[in-house]
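User: Please take a close look at one part of this model. I would like the buried helix and the elements around it, with enough of the rest to place it.

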Amino acid sequence: MLKKILSLAVLIISVCEGYGQSKQKKVLFVIVDGISGDVIEKIAKPNLDIICKAGGFTRAHVGGGKGTYSQTPTISAVGYNSLLTGTWVNKHNVWDNDIKDPNYQYWTIFRFFKEQYPHKRSAVFSTWLDNRTKLVGDGLPQTDGLRIDYPFDGFELDTIHFPHDKQSEYIHLIDEKVVDQAATYIRTDSPDLSWVYLEYTDDMGHKYGDSEQFHKAIGIMDDQMGRLYRAIEYRQKSFQEDWLIVITTDHGRAPNTGKGHGGQSDRERDTWIVTNAKDLNTHFKEKKGSFTPAIVDIMPTVARHLDVTIPKEQAFELDGVSLTGKISVDQPEIKKEGNKIYLTWNALTKDEKVKIWLSTTNHFEKGERDLYLLMDDVPVENRKAELDVSKLPPGFFKVVIEGKHNSVNRWIVEK
Ligand SMILES: [Zn+2]
């Protein structure tokens, strides 16, 4: 009898292993504050290296389209919200750390996820409360009462347990508490979608600039990432879960001293992404000219891993492109001369057609619909299209290139 039970158990286990695709998908994304790409590349980071080996490393950027309608301040909350919504500031409307009036029409990854999978569980582990209460909009009417299932944050307001000191030691201690709880909770409860936010590196950057102290803070961060990754590895080994971890930063640092940020210098725009993702695509890997992936690419990557379907009109607004899996098109460029709009793009597939859509309104930002005109339907490999807009009102054009695997968009905003 025992033998029979044992062989049945073996059968069940091997059947389960045979269905690799039924593995539960989980995501943890992490923002470690204010570490420019040049610094992360030159510093020892043994734990991040382990994660890179499983997936990859790329330099990346924040700041939107420099000198264009989507130029975005290289400021913390602005960057976080670009990650959460997959859009630049001209859409999500968080211009600084005051977070006065986020446009919640541009949904965060948490909202998309919980809308489609209300019973799956989300968590935010953060050294800054506003991330959850203002950016994610936990419990707000504007997010239709979206709930984060497991919040772990707000300790920066607790001056009894974390008395504020000038050296920001209390921020380091809060980061530690946040990481410890995230690692523990992942091991025991395995939330489906989690965000960890840590602040200490940026504090050291502001205080000391490019310095021993700043580099030491990055070393501490690397150790913290190791703790999170080991929790994920434990879940993967013991529970056969399929975890995606994405680690990034929200902005670089000022060119000369490394102290400030907020502007559009190369170094302030220069960031990076570390991930364990297995199926990284050309959009992640391609190093053509000055092209790098962007912080807005993380949201569609997370959505793809979690099998979140983004409805077409919302997908049309995304400024990011998934870093994994199949992609039809990226790197669109747009210009208008006279009555013509000239579009170009990079083709990442063959044998498919892309549709070129155009709207002269942006009602989406108010939660209403835009009327899109189908302007063209061309082979993706054409890599360009010319749109005659002589019969359309001037001023504003929202153009979408829709492929089989993704869409990209660009605006023309005339003064
Ligand atoms: Zn920051």
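Analyst: A residue counts as buried here if 20 or more other C-beta atoms lie within 10 Å of its own. By that rule, buried residues make up 46% of the 415 residues in the chain. The model is predicted.

First, the setting. The chain holds 14 helices and 14 strands. Its C-alpha trace spans about 75 × 65 × 45 Å along the principal axes. The radius of gyration is 22 Å, which agrees with the value near 22 Å for a compact globule of 415 residues. Take the contacts between residues at least 6 apart in sequence: 68% of them join residues at least 24 apart.

Now the helix itself. Helix α13 covers residues 298-305. Of its 8 residues, 8 are buried, so α13 is largely enclosed by the rest of the structure. The buried residues are Ile298, Met299, Pro300, Thr301, Val302, Ala303, Arg304 and His305. Arg304 is thus listed as buried alongside Ile298 and Val302.

What do the buried residues of α13 pack against? Two strands and two helices: β1 (25-32), β6 (242-248), α4 (76-85) and α6 (109-116). After α13 comes aspartate 307, with a positive phi near 55°.

Next, the strands behind that packing. In β6, 6 of the 7 residues are buried, so this strand too is largely enclosed by the rest of the structure. β6 pairs with β1 in the parallel sense, over 7 bridges. Within this pairing, isoleucine 31 stands opposite threonine 248 of β6. β6 also pairs with strand β7 (residues 270-275). That pairing is antiparallel and has 3 bridges. Threonine 248 appears again here: its bridge partner in β7 is isoleucine 273. Threonine 248 therefore links to isoleucine 31 on one pairing and to isoleucine 273 on the other. Strands of a sheet pair through backbone hydrogen bonds, either parallel or antiparallel.

Elsewhere, helix packing centres on α10. Two packed helices are described by the angle between their axes and the distance between the axes. Helix α9 (residues 200-208) and helix α10 (residues 212-239) pack at about 175°, with axes 8 Å apart. α9 and α10 are therefore roughly antiparallel. On the α9 side the contact uses Tyr200, Thr201, Met204, Gly205 and Tyr208. On the α10 side it uses Gln213, Phe214, Ala217, Ile218, Ile220 and Met221. The residues of this contact divide into 8 nonpolar, 3 polar and no charged.

α10 also meets helix α3 (residues 46-54), at an angle of about 45° and with axes 7 Å apart. α3 and α10 are therefore oblique to each other. Pro46, Asn47, Leu48, Ile50 and Ile51 of α3 meet Asp222, Asp223, Met225, Gly226 and Tyr229 of α10. This contact has 6 nonpolar, 2 polar and 2 charged residues.

One further sheet completes the tour. It is open, has 3 strands in the order β8-β9-β12, and pairs antiparallel. β8 (329-337) and β12 (384-388) are the edge strands, each pairing on one side only. The twist averages 20° from one strand to the next. Strand β9 (residues 340-347) and β12 pair over 5 bridges, in the antiparallel sense. Threonine 344 has lysine 384 of β12 as its bridge partner.

Definitions and conventions. Residues numbered from 1 in each chain as written. Predicted model: local features only at pLDDT ≥ 70, side-chain atom pairs only at ≥ 80, totals over all residues. Axes fitted to C-alpha atoms, helices over the stretch in contact; angles between N-to-C directions. Helix = DSSP H or I, 4+ residues; strand = E, 2+ residues; numbered from the N terminus. Parallel < 35°, antiparallel > 145°, perpendicular 65-115°, else oblique. Contact = placed C-beta atoms within 7 Å. Nonpolar A, V, L, I, M, F, W, Y, C, P; charged D, E, K, R; others polar. Pairing = 2+ DSSP bridges. Buried ≥ 20, exposed ≤ 12 C-beta atoms within 10 Å, placed from the backbone. Rg over C-alpha atoms; globule rule 2.2 N^0.38 Å.
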